[in-house]
Amino acid sequence: MVIPIHSCDAIVITCIDFRFQKYIRDWTDKNLKDKTFDLIGFAGSTKDLDTIMRQLDVSVRLHKIKEAHLIHHEACGAYGAESTPEKHAEDLRKARERINSTYPLLEVGLYYLHLDGLFEKVD
Ligand SMILES: [Zn+2]
């Protein structure tokens, strides 16, 4: 059987937390409007980076994605007392570094999502 080639534009990596899914849907509706994307939901988003990298590898290999959007959020249960904006920014940057070193052509966006739905861009 021949599987037809199917590619997509992006991947979105988020936490599983139900409180944020509507915000994330609204964000992708707006920011990835005419694009297609794979979606990874994992507790703590990129916290378990080895696991995330394995999923990302599949997405790159099968779907030839060009961009990755990494979303962490406020009051993340997977981080517990460690869930500070600074810690999330640090882990997001660490994930971007690892992704960039493996896939230099992949464009990576980092976001810290607040409880009220505000997406804060992390540089
Ligand atoms: Zn979370």
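The expected span of a helix is 1.5 Å times one less than its number of residues. Helix 3 (residues 85-102) is a good place to apply that rule: with 18 residues, helix 3 reaches 26 Å from its first C-alpha to its last, close to the 26 Å expected at 1.5 Å a residue. Please keep in mind that this is a predicted model. Around helix 3, the picture to hold on to is an open sheet of five strands in the order 2-1-3-4-5, with mixed pairing.

**The sheet as a whole**

- The edge positions belong to strand 2 (37-41) and strand 5 (119-122); each has a single partner strand, so one side of each is left without a neighbour in the sheet.
- From one strand to the next, the twist averages 25°.
- As a general reminder, strands of a sheet pair through backbone hydrogen bonds, either parallel or antiparallel.

**How the strands pair**

- Strand 1 (residues 10-14) pairs with strand 2 in the parallel sense, over five bridges. If you want a landmark for this pair, look for Ile 11, which stands opposite Asp 38 in strand 2.
- Strand 1 is also joined to strand 3 by four bridges, and these two strands run parallel. Here the landmark is Ile 13, standing opposite Leu 70 in strand 3.
- Strand 3 (67-73) pairs with strand 4 (107-113) over seven bridges, in the parallel sense. In strand 4, Leu 113 is the bridge partner of His 73.
- Six of the seven residues of strand 3 are buried, so strand 3 is largely enclosed by the rest of the structure.

**Crossovers and helices on the sheet**

- One right-handed β-α-β unit is made by strand 1, helix 1 (residues 21-31) and strand 2.
- Strand 3, helix 3 and strand 4 also make a right-handed β-α-β unit.
- Helix 2 (residues 49-63) packs on the sheet, where it touches strand 1, strand 2 and strand 3. The direction of helix 2 makes about 165° with that of strand 2.
- Helix 3 lies across strand 3, strand 4 and strand 5, and runs at about 165° to strand 4.

**The two faces of helix 3**

- Which residues of helix 3 are buried? They are His 88, Asp 91, Leu 92, Ala 95 and Ile 99.
- These buried residues cover an arc of only 100° around the axis, which puts them on the same side of helix 3.
- What do the buried residues of helix 3 pack against? Their partners are helix 2, strand 3, strand 4 and strand 5.
- The face turned away from the buried side carries the exposed residues Glu 86, Glu 90, Lys 94, Glu 97 and Ser 101.
- Take Glu 90 as one of these: it has 12 other C-beta atoms within 10 Å, and a residue is exposed if that number is 12 or fewer, so Glu 90 counts as exposed.
- The C-alpha atoms of Glu 90 and Val 122 are separated by 9.5 Å, with the two residues 32 apart along the chain.

**Two loop residues with positive phi**

- Ser 45 is found in the loop between strand 2 and helix 2. Its phi is near 55°, a positive value in a residue other than glycine.
- Is Ser 45 buried or exposed? Ser 45 has 28 C-beta neighbours inside 10 Å and therefore counts as buried.
- Ala 75 is found in the loop between strand 3 and helix 3. The phi of Ala 75 is also positive, near 55°, and this residue is again not a glycine.
- Ala 75 has 12 C-beta neighbours inside 10 Å, so Ala 75 counts as exposed.

**Thr 14 and its surroundings**

- Thr 14 is found in strand 1, and with 24 C-beta neighbours inside 10 Å it counts as buried.
- Which residues is Thr 14 in contact with, leaving aside its neighbours within four places in sequence? The contacts are Ile 24, Gly 41, Ser 45 and Ile 71. Ser 45 is the buried loop residue met above.
- Asp 29 lies 15 residues from Thr 14 along the chain, and the C-alpha atoms of the two are separated by 15 Å.

Note on methods:
Residues numbered from 1 in each chain as written. Predicted model: local features only at pLDDT ≥ 70, side-chain atom pairs only at ≥ 80, totals over all residues. Pairing = 2+ DSSP bridges. Axes fitted to C-alpha atoms, helices over the stretch in contact; angles between N-to-C directions. Contact = placed C-beta atoms within 7 Å. Right-handed = clockwise from strand over helix to strand, strands pointing away. Buried ≥ 20, exposed ≤ 12 C-beta atoms within 10 Å, placed from the backbone. Arc of directions from axis to C-beta.
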